[in-house]
Amino acid sequence: RDDIMNDISSLFYERRRLQVELLTSAPKSEKEKYDKLLRLEELTANIDALTGGYFSAHIRIVKSG
């Protein structure tokens, strides 16, 4: 169980760092931009796989207000 929690934490903070990077520094090319966006989706999918989809469901609830 601790290993799963560590994996989720690592994925979550890698995802957050990537989000901050996308917001604070413009990618040098369109390819770099889409590579980063794809990585963001991949990290989200990995977190969802470990949480049974809870992560994306929670994000949708928070965004809808």
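Mentor: Before we dig in, a polar contact is a pair of N or O atoms within 3.5 Å, where one must be able to donate a hydrogen and the other to accept it. Keep in mind, too, that this is a predicted model.

Trainee: Okay, so which residue's side chain does S56 join by a polar contact?

Mentor: Start with where S56 sits: helix α3. Setting aside neighbours within four places in sequence, S56 touches T44 and D48. The side-chain polar contact, at 2.4 Å, is with D48.

Trainee: And is S56 buried or exposed?

Mentor: Buried means under 20% relative accessible area. S56 has 16%, so it counts as buried.

Trainee: Let's do rings. How are the planes of F12 and Y13 arranged, stacked or edge-to-face?

Mentor: There are two aromatic pairs to look at here. In the F12 and Y13 pair, the ring centres are 4.9 Å apart. Planes over 60 degrees apart count as edge-to-face. Theirs are at 90 degrees, so this pair is edge-to-face.

Trainee: How many residues apart are F12 and F55?

Mentor: Those two also make an edge-to-face pair, with 6.1 Å centre to centre and 90 degrees between the planes. F12 belongs to helix α1 (residues 2-24) and F55 to helix α3 (residues 54-64). That pair links distant parts of the chain, and the separation is 43 residues.

Trainee: Is F55 buried or exposed?

Mentor: Its ring partner F12 has 28% relative accessibility and counts as partly exposed. F55 has 13%, which is under the 20% cut-off. So F55 counts as buried.

Trainee: Last one: which residues do the ring pairs link into a cluster?

Mentor: F12 pairs with Y13, and F12 also pairs with F55. Put together, the cluster is F12, Y13 and F55.

Terms used
Residues numbered from 1 in each chain as written. Predicted model: local features only at pLDDT ≥ 70, side-chain atom pairs only at ≥ 80, totals over all residues. Heavy atoms only, no water. Phe/Tyr/Trp six-rings, centres within 6.5 Å; stacked < 30°, edge-to-face > 60°. Buried < 20%, exposed > 50% of the residue type's maximum accessible area, 1.4 Å probe, protein only. Helix = DSSP H or I, 4+ residues; strand = E, 2+ residues; numbered from the N terminus. Contact = heavy atoms within 4.5 Å.
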